[in-house]
Amino acid sequence: MDIYKALVDIVGEEFVSRNEEELYIYSRDSGLTEREKPDFVVMPGSAEEVQKIVLLANKYKIPLIPVGASLTLSGLAVPIRKGIVVDLRRMDRIIEVNRLGRYAVIEPGVTQGKLKAFLERNYPDLCHSMPDAPPSATVVGNILIHGQGNLSQLYGFNSTMVTGLEIVLPTGKICRIGSCSLSPYWFAVEPLPYLAGIFLGWFGTTGIITKLGLRLYPRKRLRDIEVFVLDDPEKVADVVYRITHTEMAEDVITMEQPYPMMFRDVVLVQIYFNGDSEEEIEFKRKMLWNSVMNYIRSRDGGFMFLTPDVQEDFLEKPASSVTRFADVMKGGGFVYCGAIIPVEKFAEALRKLKEIAKRHEITYGHVGRIVGRGHCMMFSFSFPFNRADRASMERAKEALHESYLATLELGGIPWKPELFAQKMILERMDKNAAELMKQIRGLLDPNGIMNPGNWEVEP
Amino acid sequence: MMDIHRCFRCGYCKFPDDFSKYNCPPYARFRFESFSPGGRLWLTRAFLNGEVDFSKHLSEIIFSCTACKNCAENCRMGFKDEIVDWIVSARREILERGLAPPFVRDFLENIRKYGNPWGLPRKQRADWLRAKKYDGDDYLLFLGCECSYEDRGRSMAKNFVEILERAGVSFGILGENECCDGNEVFMLGELGLFQELAERNKKTMSELGVQKVIAISPHAYNAIKSYEGFEVFHYSQILWDLIQSGEIKPGELRKTVTYHDPCFLGRYNGIYEEPREVLNSVPGLRLVEMERNRKNSFCCGGGSGNFVFDLLRGSYSPARERVREAAETGAEIIAVACPACKAMLDDAAKDEGLKDRVAVMDLSEIILRCGIS
Amino acid sequence: MFELKFDRAVCEDCTTVDCLVRCQYMDFDVEEAKREIMKLINGEDSVVLHECATCYACEEYCKRGNHPFYLITDLQEKKGIFPAPRPILRQWINLAIPGKKDFPHFPGAKEPVISLCLFPEYIGSIQGKLFEDVSVILGRHFFCQLVYLHFGKPSIIRERLPKIIENIANHGFKEVVFFHDECYSTFTSYANAYGIHVPFKPVHFFEYLYENLKKRESEIEPLNVKVAYQRNCSTRLTPWKEHYLDKIFELIGAERVERKYDRENALCCGGIIRSLQRYDLFVDVQKRNVEDMARANAEYCVFNCPACYSSLAKRVEEKGIKPVMIHELCKLALKRA
């Protein structure tokens, strides 16, 4: 069977490639995981084309790897068993925005930047929960890996904001989940049995999303930030508890890194808040200040005065400083273990991060994001490397692997884990839960074509 | 290219500053990651490291970059201003290894032999235009290859010459003695040829005592600025000066117009307002902006020689996307200030079936259309 | 090592206690002020140590030159009374530690030389007619350290200053122009008060600007504008140089508007007050200051201090007044001609 020709028949010659150059680019992401070239890269333009590709892959048992912008840095979009990479970014329509219902229906290729710009222009009182990944990242991709965004402190992981899904199942059936499965409205996945869970966090092993309903939230006119500085990490958990109790904050971020010097030896708690008027902003600011006044009085913590240019940097959405961390060693790369941990483990995690960095003689950075009212947090163990220096890449990789272990030892779970860390998780997981995962995958994907290698439960 | 490994492939380079659409012409056209600025840089590095062999497809990837500078404008890293230089260096390396693809080889050979990329006779450069030869005038009017040989460019030259004459501006042209400004030659990596062309033009101009130069093409404007020793103006700036001083007074034109910022005028040289001032000075003219304007302008896809070999052609071409974007504003006219843009957008309007809805006109044409006193 | 040249008898004999009575942030009558100053000179705790907004004004109010503010800051440190939270102080201590991009020496730098201290972002603006042939030294190896007066940690100043002076002196300069008022005040007022030897002559930026404007007087076209001047804290330490500023204004055609919060009544820009966690006071001083400028119909607010500029420029702009650094205003007057 001439698979190339079959793919050309589905999407047209312009959107299939077996050229070395495309295979090279899609064989790797910007992290440090294994590389493997696919056999083909294909760019479907519709759910029907996706379906045809899936049917073809099933028939000839060819691995399929659905990808967005491939920015996980943990190799989740790398075709480790070769096969067909399905780049979904041609499917980038914003199909619908329901203003009163505060939801949008989008295709998988819609970028974070596109959705942000679209809403700002057309629905300025609505916004979505946006991560600090580059704007080229896809909204759906981020949701599918349980990403977090600037509204996660208020509303939880971005994956909890799904109101409906259209999926091409691994066997080729197209399926709608949530209210959209029987109603013209995409308002919620409840109150039906929670099928959405079978597709969130599975790294594309259970199907290919072709439409997603997403909750939108109020966007207020003004946005401001207060940065609370502490020199004792042990106090961070309590500060976060107090701040989140006020219910005044939008995003709450922690940061600790050795450079620039003004950030060294202290932990910054960045508290974003918003309002439709100066009055609302000042009220929220006052509540936030009051919540930590005990620390101010004891001189254990204080709010930084931000000059306008520094404030502008902090308020940038997405924060390009996160991306710029890749150039800290003038080397074009960084890796991180995004540990999902209880907030009370903050100080211990920070200690471990510094130990790991010291042991591997590598600099580090930490950025954290509070999820829910401190129900947990994403704590990053981040290590930059120089792409032109093999030794620096090795050190970063080793530090990263140790960070995965440290995360699990803390009682946390690595977010969007690379294969190595997936195995660590599955080894420690409740055996019956792991078995359930295996059964579900076996049921949905009997030929094992969907992003094979990921979430593979050993017998 | 020592720092080429610093590209993280984050993708900021693909967008304008509000991230609303893909603003990198080859990425918007082909959509494979290999055609994005980051993909191109990674492949260049892989080629230089021997990980990837040279191929026709690689040459398409490398030469489809129009050098529009959107990537340099939007990259968030410290090396942003070097990105286009890296692409140019990669091209230089390819040429030096004797791997130039035929379309580039022909482009450069034609310039070397005939002084223009189409390989048309030298004497046809200016024999069609009735304009005074430069002889100590206030300004040298530098036409450039497109305005000398291509229909749409020629009409831009004719129109501007008419305005200058009616305004009584003292100017002259080089005629056959003008040779290609070399901007595209430089962008294609042929530094040696660029230097030859620059020296030739500089010599001609210096010997004639030229001090001030008006360029119609922003590509020529960009190149001649780098020659040094001359005061260079873009024709939109001269038009605005003439309007401000009252030398020309535009008549009424009740049309809705949108202005397309050329890359070499806008992002490369920061000239955004004078063309708009010219348009705003026309009574009755309503200027509307496309979503992507000024430093966010979406390149027509003609740069780096693509106005000749057009690697970005097809139904998904940037030019066609741009014309659709212009039509969405309700504009009846797309105002341009660059002969490459004029040709690309004019052809695209035809291909999109929008020629009746939206006319592509350059600034001089618009000024003449509304009548001047 | 370096001791404050303080004469307790001067304070004991003082009947006006201007330092505290005139304080704009604490309210004392003469009797209360006398009681508190006696506590201070006796090294005892006083409400002054806790409530001081660190605006430096008392140094100017004391006409006997007995350094009440330096006394306060030394005592705060001695007693462990920190105006700002400890982590904020830590940030300020760390930000001044030299890094890879800081050089202790600028070979080839010759007079006239301007020290830009911690403000490299202004290097682009030290260009043009007023700054021909000027050399620049900058970076943390030349940072004056005076800011630690705000944080109750003046020992850092005395600890680091000798090396800073050495770094400057190693170039062999006889005179150094200081862009930042704080630097000038450190190498004059503070150094003098603690007996720290400074082997070069500090020149204030105002003096430099005035002299160079005077040379180009024929090229100046008067601006004919009304300006409010934002007096920064350290100017209180060296008020004698302010006459140059008035001369500059006269030369360039800027009318320094009469307003309540100018000269000895000037208000702090608020930046440090906010860092001391006194948010309501911060809002209040900025509001009063800017409203005062607006009432006086100022078209520009002129700054000499980059930190004041960062703190206050936005507020000033919101009121329709143009914020401008003094040297930029001078350049404007030259440009027009």
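## How the chains meet

Of the two pairs of chains in contact, which share the most contacts? That would be chains A and B. Keep in mind that this is a predicted model. Chain B and chain C, on the other hand, don't touch, and 15 Å lies between their nearest C-alpha atoms.

## Inside chain B

Let's take chain B next. Its domain assignment runs domain 1 (4-100), domain 2 (122-240) and domain 3 (250-369). Measuring from C-alpha centres, domain 1 of chain B and domain 3 of chain B sit 25 Å apart. They are in contact, with 19 residues from domain 1 of chain B and 20 residues from domain 3 of chain B.

On the domain 1 side of that contact, α1 (25-30), α3 (56-63) and α4 (70-74) of chain B each chip in at least two residues. α1(B) gives the most, with four residues. As for chemistry, this side of domain 1 of chain B splits into eight nonpolar, five polar and six charged residues.

## Inside chain C

Chain C is also assigned domain 1 (8-79), domain 2 (113-208) and domain 3 (217-336). Here the pair to look at is domain 2 of chain C and domain 3 of chain C, whose C-alpha centres are 21 Å apart. Their contact uses 19 residues from domain 2 of chain C and 18 residues from domain 3 of chain C.

Which helices supply at least two residues each on the domain 2 side? They are α9 (181-193) and α10 (205-215) of chain C. α9(C) gives the most, with seven residues. The residues on this side of domain 2 of chain C come out as seven nonpolar, eight polar and four charged.

Terms used
Residues numbered from 1 in each chain as written. Chains lettered and ligands numbered in written order. Predicted model: local features only at pLDDT ≥ 70, side-chain atom pairs only at ≥ 80, totals over all residues. Domains from an automatic or database assignment. Contact = placed C-beta atoms within 7 Å. Nonpolar A, V, L, I, M, F, W, Y, C, P; charged D, E, K, R; others polar.
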